[in-house]
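Here is a short report on one protein model. Take a look at the fold before reading on.

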Amino acid sequence: MRILVSNDDGYNAAGIEALVAALRPLGEVTVVAPETNCSAASNSLTLRRPLSVRQAANGFHYINGTPSDCVHVALTGLLGFKPDLLVSGINNGANMGDDTLYSGTVAAAMEGYLFGVPSMAFSLVDREWRNLDCAAQVAHELVVRFRDRPWNEPLLLNVNIPAVPYRDLAGFRTTRLGRRHPAEPVIRSTTPYGETVYWIGPVGRALDGGPETDFGALEAHAVSMTPLRADLTDHARTDAVARWMEAR
């Protein structure tokens, strides 16, 4: 099995090193990841400057671009083959609910999915890498399951893992995305030169976090597995929009 690995925390992040170590026994692993941290890069592609591909001493390839750039370059010219699976992560922090729209980790997996490659995104809820070994074991298990029971068609799976020891996991749940309250206000500060600047504020609290959501699963210390899609169409409202346009 040939596995392409990327992330958004950068090629030298602890999460991607743990992920690769967990996946290497399962097949041929190629890493193409950003040179620097690209958290919240979403699905952006770099179009106004050229991209450079370099290789680190450990064999990881890194690109001076976004997570989507890395997967796009890998699949359209760098690799020379189509991988059997794309795995993104392990992210430093959760990617749940509305946050998936901003996530570079999910975006890397989405780029693979758009090219017809089955893709998984892995995120560890804790931002201090606590129990990273648990997240790596979860990734290993799900990729083994994919190897033994491959999907009939490409799927994008967003996986969030509680920051607990593996023995304390409360199983695996298939979930839907929850929702958050709006983000907290921006944080205003002043530079030494007297210029007012703003920092994006913290994320909001969970608004929709029932047991069937990703928020609910993590609260129960269960691994959350949410299948995602790229179609943002609100199909339930297409008729309403048509009637609105036809009204006199």
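## Start at Val-159

This is a predicted model. Begin with Val-159. Leaving aside neighbours within four places in sequence, Val-159 is in contact with Ala-121, Phe-122 and Ser-123. Val-159 also touches Val-138, Leu-142, Val-223, Ser-224 and Met-225.

## Two nonpolar cores

Val-159 belongs to the largest nonpolar core, which has 40 residues. Val-5, Leu-23, Val-87, Phe-122 and Val-159 touch the most other members. Several elements give two or more residues to this core: strand 1, helix 1, strand 2, strand 5, strand 6, helix 4, strand 7 and strand 13. Helix 4 supplies the largest share, 10 residues.

Another core lies apart from this one. It has 17 residues, including Val-32, Ile-63, Val-71 and Val-117.

## The sheet

Nine strands form an open sheet with mixed pairing. Their order is 3-4-2-1-5-6-7-13-8. Strand 3 (53-55) and strand 8 (172-174) stand at the edges. Each has a single partner strand, so one side of each has no neighbour in the sheet. On average, neighbouring strands are turned by 25° against each other, direction ignored.

Look at one pair. Strand 5 (residues 85-92) and strand 6 (residues 119-124) run in the parallel sense, paired over five bridges. Asn-92 stands opposite Leu-124 in strand 6.

## Helices on the sheet

Helix 4 (residues 132-148) packs on the sheet. It touches strand 1, strand 5, strand 6, strand 7 (156-161), strand 8 and strand 13 (223-228). Its direction makes about 165° with that of strand 6.

Helix 1 (residues 14-23) lies across strand 1 (2-6), strand 2 (28-34) and strand 5. Helix 1 runs at about 140° to strand 5.

Note on methods
Residues numbered from 1 in each chain as written. Predicted model: local features only at pLDDT ≥ 70, side-chain atom pairs only at ≥ 80, totals over all residues. Heavy atoms only, no water. Pairing = 2+ DSSP bridges. Helix = DSSP H or I, 4+ residues; strand = E, 2+ residues; numbered from the N terminus. Axes fitted to C-alpha atoms, helices over the stretch in contact; angles between N-to-C directions. Contact = heavy atoms within 4.5 Å. Core = buried A, V, L, I, M, F, W, Y, C linked by side-chain atoms within 4.5 Å. Buried < 20%, exposed > 50% of the residue type's maximum accessible area, 1.4 Å probe, protein only.
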